[in-house]
Amino acid sequence: MQENTETTRDRRLDEELSDVLIAISVVAKRLAKKLQEGGEPDGQDERTGCTD
């Protein structure tokens, strides 16, 4: 029974890790596209709202 619980937990952790890696990939792709287009950064830190 314990093995089944650990397997289920491992699967959930794998799914969560996969989701995080996909999100990182999406953000990296957007940043790369913005750099290729010669775009300037927004100038605002999205985490804190501070401007440069």
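I started with Glu 16: at 51% relative accessibility, this residue counts as exposed, because the cut-off for exposed is over 50%. Worth keeping in mind that I'm looking at a predicted model.

Next I checked where Glu 16 sits, and found it in helix 1, which covers residues 2–36. I then looked up the secondary structure of the protein chain as a whole: one helix, zero strands.

Which residues share a patch of negative charge with Glu 16? I noted Glu 6, Asp 10, Asp 14, Glu 15 and Asp 19, gathered with Glu 16 on the surface.

Then I moved on to Leu 17. Leu 17 is in helix 1 too. Is it exposed or partly exposed? At 48% relative accessibility, Leu 17 counts as partly exposed, because exposed needs over 50% and buried needs under 20%.

I also looked for a patch around Leu 17. Leu 17 joins Val 20, Leu 21 and Ile 24 in a nonpolar patch on the surface. Together these four residues have about 370 Å² of accessible area.

Last, I pulled the totals. How much of the protein chain is buried? I got 0% of its 52 residues. The protein chain exposes about 5,300 Å², and I noted that carbon and sulfur atoms supply 52% of that area.

Definitions and conventions. Residues are numbered from 1 along each chain as its sequence is written. This is a predicted model: local features need pLDDT of at least 70, side-chain atom pairs count only at pLDDT 80 or more; totals for chains, interfaces and linings use all residues. Side-chain values use heavy atoms; hydrogens and water are left out. Helices (H or I, at least four residues) and strands (E, at least two) are DSSP runs, numbered from the N terminus. Buried means under 20% relative accessible area, exposed over 50%, partly exposed in between (1.4 Å probe, protein chains only). Accessible areas come from the Shrake-Rupley method with a 1.4 Å probe; for residues, only the protein chains shown count as cover. Patches are made of residues with over 30% relative accessible area and no salt bridge: like charges are joined within 9 Å, nonpolar side chains (Val, Leu, Ile, Met, Phe, Trp, Tyr) within 5 Å. A salt bridge is a side-chain nitrogen of Lys or Arg within 4 Å of a carboxyl oxygen of Asp or Glu. Lys and Arg count as positive and Asp and Glu as negative; His and the chain ends are not counted. The place of a charge is taken as NZ of Lys, CZ of Arg, CG of Asp or CD of Glu.
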